[in-house]
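Here are my notes on the model, set out as numbered points. Please read them with the structure open beside you.

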Amino acid sequence: MFSAIATTASQTIQKLWLSKGWFSSTLLPLSKLAEYIAKKKRLAYLSGQKKSYKAPVPVIVIGNIFIGGTGKTPLTLALVEALKEKGHRPGIISRGYGATLKDDARFADLSTTPHTLPKQANLSTLSTFIGDEPSLLAKVAPIAVHPQRQKAIECLLANRPNITVILSDDGLQHYAMARDIEIVVQDSRGIGNGLMLPAGPLREPASRLTSVDFIVTNDTTLFEQAQTSMLPVTGQPREVYMHLALVEFEHLQTGQKLSLDTFKAKFAHLPISAIAGIGHPQRFFQSLRRIGLSLIQTQSFADHYAFSPEDFRDYTQGLLLMTSKDAAKCQGFAQSNWWVAHVKAQFKPTHFFEDIYQQLPPLTH
């Protein structure tokens with residue numbers, strides 16, 4: 001009951017943050033105070049008044065100024081693969097949102113055999129130990145999690161000293177960590193009403209976007225409309241468009257994978273429902289409808305929602321579809337009618353990753 005109320009409250013606030021109505025006007029003084037504090041904090045690090053930890057290898061931050069999910073994890077997954085193709089050995093750090101962390105950072109690596117997992121963790125409980133998004137990222141690269149990014153970096157390099165580049169999943173506002181490249185991910189909501197918390201959805205002033213290296217907009221419509229020849233090839237920030245394309249469905253219990261066409265041919269006649277506990281659930285539901293699936297019901301949950309079996313009592317008939325991020329937390333109590341929709345990020349311009357690679361120091365083997 002409490003979780004349902006919290007989810008509804010979160011969704012209501014998200015809607016209010018997209019316009020400058022009574023809600024934002026009432027909280028505007030607090031927002032101005034937050035803006036002052038944010039600017040003062042950043043200036044303290046830029047001026048050298050406060051020191052930032054410099055990792056021994058390049059660090060790429062993939063973050064946002066809009067609170068909540070905008071598509072950072074799919075971009076991180078894609079960037080890991082692109083860097084591997086260039087000969088890099090990437091590692092990942094994350095705050096580990098949703099995991100209960102104390103003094104020590106936690107390390108996991110499912111990209112090699114045998115797997116390396118935190119103590120007392122197994123595949124079905126991994127999201128509890130390192131967080132839902134890190135448990136997905138661990139499948140493609142070694143990852144260490146801790147709110148203090150220096151601890152995460154030190155843990156990562158202690159376990160994998162041959163890493164050549166570190167990707168920070170979130171951490172744009174963590175100025176105690178120096179970075180070489182900054183990538184901001186936003187979606188169709190843009191900067192919302194343009195105000196900082198609590199009057200708006202921003203963690204930093206909108207002017208912060210002018211100082212990053214790349215702004216990646218996760219919006220299918222803009223992606224389809226974008227003409228690569230019209231996008232700037234120099235300057236800062238560079239503008240990139242991202243589309244999360246559905247690529248396959250996976251049965252959560254057995255791991256069986258089906259192509260989109262095979263899945264539709266086999267199951268389109270059945271009643272299909274969908275749930276999502278991500279930053280922008282409607283984007284997921286729209287992607288399912290875009291490929292021709294008719295959804296009889298959808299349910300949105302708060303980002304990073306901690307699912308329990310009780311949340312699924314109404315989904316015993318037909319099929320239930322969910323995101324990879326949600327599936328990571330539901331593996332332990334998955335039912336036979338649950339399927340995961342996997343996506344792959346596509347980008348315009350297509351040389352986006354080449355641009356990032358060129359900004360990194362030359363590899364020395």
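1. Cysteines. Cys 155 is buried, because its relative accessible area is 16% and the cut-off for buried is under 20%. Cys 330 is buried too, with a relative accessibility of 0%. The model is a predicted one, and a search of the whole of it finds 0 disulfides. A disulfide would be a covalent bond between the sulfur atoms of two cysteines.

2. The largest nonpolar core. This core has 39 residues, and those with the most contacts inside it are Ile 60, Leu 75, Leu 79, Ile 183, Phe 347, Phe 352 and Ile 356. Helix 3 (residues 72-85) supplies the largest share, 6 residues. Which residues does Ile 356 touch, leaving aside its neighbours within four places in sequence? Its contacts are Ile 60, Leu 79, Ile 181, Ile 183 and Phe 214.

3. A second core. Separate from the core above is another of 27 residues. Among its members are Ala 38, Phe 66, Phe 107 and Ile 153.

4. Strand 10. This strand spans residues 272-276, and 5 of its 5 residues are buried, so the rest of the structure largely encloses it. Both faces are covered: one side carries Ile 272, Ala 274 and Ala 276, while the other carries Ser 273 and Ile 275.

5. Neighbours of strand 10. Strand 11 (residues 295-300) runs parallel to strand 10 and is joined to it by 5 bridges. Within this pairing, Gln 297 of strand 11 stands opposite Ser 273. Between the two strands the chain passes through helix 9 (residues 281-290), and the resulting β-α-β crossover is right-handed. Strand 10 also pairs with strand 12 (residues 319-323), again in the parallel sense, over 3 bridges. Here Ala 274 has Leu 321 as its bridge partner, and Ser 273 stands opposite Leu 320.

6. Strand 12. Is this strand enclosed or open to the outside? It is largely enclosed by the rest of the structure, because 5 of its 5 residues are buried. Leu 319, Leu 321 and Thr 323 point one way, and Leu 320 and Met 322 point the other way. Strand 12 pairs in the parallel sense with strand 13 (residues 338-348) over 4 bridges. The bridge partner of Met 322 in strand 13 is Val 340.

7. Aromatic pairs. The count of aromatic pairs comes to 18. One of them is formed by Phe 214 and Phe 352, an edge-to-face pair with 5.3 Å from centre to centre and 70° between the planes. It links distant parts of the chain, since Phe 214 lies in strand 7 (residues 214-218) and Phe 352 in helix 11 (residues 352-359), 138 residues apart. Phe 214 counts as buried because its relative accessibility is 1%, and Phe 352 counts as buried at 1% as well.

8. Further rings. The ring centres of Phe 347 and Phe 353 are 5.0 Å apart and the planes stand at 70°, so this pair is edge-to-face. Both Phe 347 and Phe 353 are buried. Elsewhere, ring pairs link Phe 301, Tyr 305, Phe 307, Phe 312, Phe 333 and Trp 338 into a cluster.

Technical notes: Residues numbered from 1 in each chain as written. Predicted model: local features only at pLDDT ≥ 70, side-chain atom pairs only at ≥ 80, totals over all residues. Heavy atoms only, no water. Disulfide = S-S within 2.5 Å. Buried < 20%, exposed > 50% of the residue type's maximum accessible area, 1.4 Å probe, protein only. Core = buried A, V, L, I, M, F, W, Y, C linked by side-chain atoms within 4.5 Å. Contact = heavy atoms within 4.5 Å. Pairing = 2+ DSSP bridges. Right-handed = clockwise from strand over helix to strand, strands pointing away. Phe/Tyr/Trp six-rings, centres within 6.5 Å; stacked < 30°, edge-to-face > 60°.
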